[in-house]
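Me: I am new to this structure and would like a close look at a single part of it. Please take the surroundings of ligand 2 and explain what lies there.

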Amino acid sequence: MMAKLFRAVIMGPPGSGKGTISERIAQSFGLKHLSSGDFLRENIAADTEAGVLAKTYIERGLMVPDHVMTRLLLPRLEEMTRHSWLMDGFPCTLTQAKALNSTCDLDLVISLNIPYETLKDRLSDRWIHPGSGRVYNMGFNPPRVQGRDDLSGEPLIQHDNDQPEALVARLRHYKDVAKPVIDLYKSKGILHTFSGTETDKIWPYINSLLSTKIPSRPETDTQHIPLP
Ligand SMILES: Nc1ccn([C@@H]2O[C@H](COP(=O)(O)OP(=O)(O)OP(=O)(O)O)[C@@H](O)[C@H]2O)c(=O)n1
Ligand SMILES: Nc1nc2c(ncn2[C@@H]2O[C@H](COP(=O)(O)OP(=O)(O)O)[C@@H](O)[C@H]2O)c(=O)[nH]1
């Protein structure tokens with residue numbers, strides 16, 4: 001158990017490597033990786049009231065409204081009183097960031113800055129294991145057996161909104177809504193931006209930054225936990 005709890009957020013456009021880097025951080029530093037997208041999908045699968053509502057937006061390629069996101073996520077974060085965590089995919093908007101701010105003090109925000117062409121290439125080749133949120137890429141980190149998750153052997157899927165037609169609008173939207181969030185974290189002095197086209201080249205910088213902030217000893221029970 002770490003002496004001081006550590007709260008971090010990772011931001012970046014779709015395909016920027018938030019999930020991939022979050023997994024590495026979780027493994028190296030023992031933080032819980034919390035994924036808002038996985039949490040939404042679980043709520044949808046479980047037909048919860050918020051999940052049913054969220055689905056109507058996600059199906060249309062829209063962002064889930066702030067009040068639904070905060071109602072879903074903040075109570076879960078408030079319960080995480082004994083763990084250090086890294087939140088991936090939330091906050092997306094200034095309203096969400098302000099709501100998160102009133103719940104907890106963040107120690108650090110990582111922002112990924114990746115060129116559009118790179119995002120497009122990666123996402124058209126992204127495969128996901130829906131049960132766990134594990135992410136593959138046919139070139140970068142292919143599954144051991146094509147089309148199957150390494151651990152469960154279950155089939156992998158692709159998201160429709162990862163295809164290039166949907167991506168331009170998603171990226172434009174990300175830029176618009178993320179700008180004030182990034183400015184907020186910059187003004188708080190907790191923003192760290194990393195730019196590049198390869199996760200393996202960005203990772204050492206993130207790793208060394210975090211090494212100065214938290215002990216690099218993995219807990220035994222970490223890795224990716226979708227929020228319950
Ligand atoms: N704060 C958030 C996080 C997610 N979503 C919705 O949930 C979907 C799935 O979330 P996630 O898995 O984080 O997004 P991805 O589509 O995988 O995007 P990314 O590539 O950034 O991971 C998003 O497309 C969006 O509709 C949202 O509205 N608000
Ligand atoms: N080719 C390549 N693919 C990568 C790299 N980093 C991540 N990916 C893949 O790109 C896709 C998007 O990464 P992901 O972590 O899901 O990004 P997120 O949308 O920001 O969470 C996934 O299929 C990853 O496996 C990289 O450096 N090179």
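**The surroundings of ligand 2**

Reply: The mean pLDDT of the protein chain in this predicted model is 89, and 93% of the chain's residues reach 70 or more. Among the helices and strands, confidence is highest in strand β7 (residues 191-195), at 98, and lowest in helix α2 (residues 36-45), at a mean of 88. Residues 219-223 have a pLDDT below 50, and beyond near neighbours in sequence this stretch has 10 contacts in the model. The scores for the model are ipTM 0.90 and pTM 0.88.

Now to the part itself. Around ligand 2 there are 19 residues, of which Gly19, Arg122, Arg126, Asn137 and Phe140 come nearest. Sorted by class, this shell holds 10 polar, five charged and four nonpolar residues. At least two residues of the shell come from each of α1 (18-29), β6 (135-137) and α8 (199-211).

Gly19, one of the nearest residues to ligand 2, is part of helix α1. Gly19 counts as buried because 22 C-beta neighbours lie inside 10 Å, and 20 or more are needed for that label. Leaving aside residues up to four places away in sequence, Gly19 touches Ser35, Asp88, Gly133 and Val135.

A record adds to this picture. The UniProt annotation "binding site", from an unreviewed entry, covers Gly15, Ser16, Gly17, Lys18, Gly19, Thr20, Arg126, Val135, Tyr136 and Thr199. These annotated residues are spread over 185 residues of sequence, yet they cluster in space, with a largest C-alpha distance of 14.4 Å. Gly19 and Arg126 are in the annotation, and both are also among the residues that come nearest to ligand 2.

Gly17, another annotated residue, sits in the loop between β1 (7-11) and α1. Gly17 is buried, since 28 other C-beta atoms lie within 10 Å. Not counting residues up to four places away in sequence, Gly17 is in touch with Gly12, Leu112, Ile114 and Thr199. Of these, Thr199 is itself covered by the annotation.

For comparison, here is the other ligand. Ligand 1 is surrounded by 16 residues, the closest being Pro14, Gly37, Val64, Gly89 and Cys92. Helices α1 and α2 each supply at least two residues of that shell, and α2 gives the largest share, three residues. By class, the shell around ligand 1 consists of eight nonpolar, seven polar and one charged. Helix α1 thus appears in the shell of ligand 1 and in that of ligand 2.

Conventions:
Residues are numbered from 1 along each chain as its sequence is written. Chains are lettered from A and ligands numbered from 1 in the order in which they are written. This is a predicted model: local features need pLDDT of at least 70, side-chain atom pairs count only at pLDDT 80 or more; totals for chains, interfaces and linings use all residues. A residue is near a molecule or strand if its C-beta atom, placed from the backbone, lies within 6 Å of it. Helices (H or I, at least four residues) and strands (E, at least two) are DSSP runs, numbered from the N terminus. Ala, Val, Leu, Ile, Met, Phe, Trp, Tyr, Cys and Pro count as nonpolar, Asp, Glu, Lys and Arg as charged, and the others, Gly among them, as polar. pLDDT is the predictor's confidence in each residue, from 0 to 100. Two residues are in contact if their C-beta atoms, placed from the backbone, lie within 7 Å. UniProt positions are given in the numbering used here, feature names are shortened, and annotations may be inferred rather than shown by experiment. A residue is buried if 20 or more other C-beta atoms lie within 10 Å of its own, exposed if 12 or fewer, and partly exposed in between; C-beta atoms are placed from the backbone.
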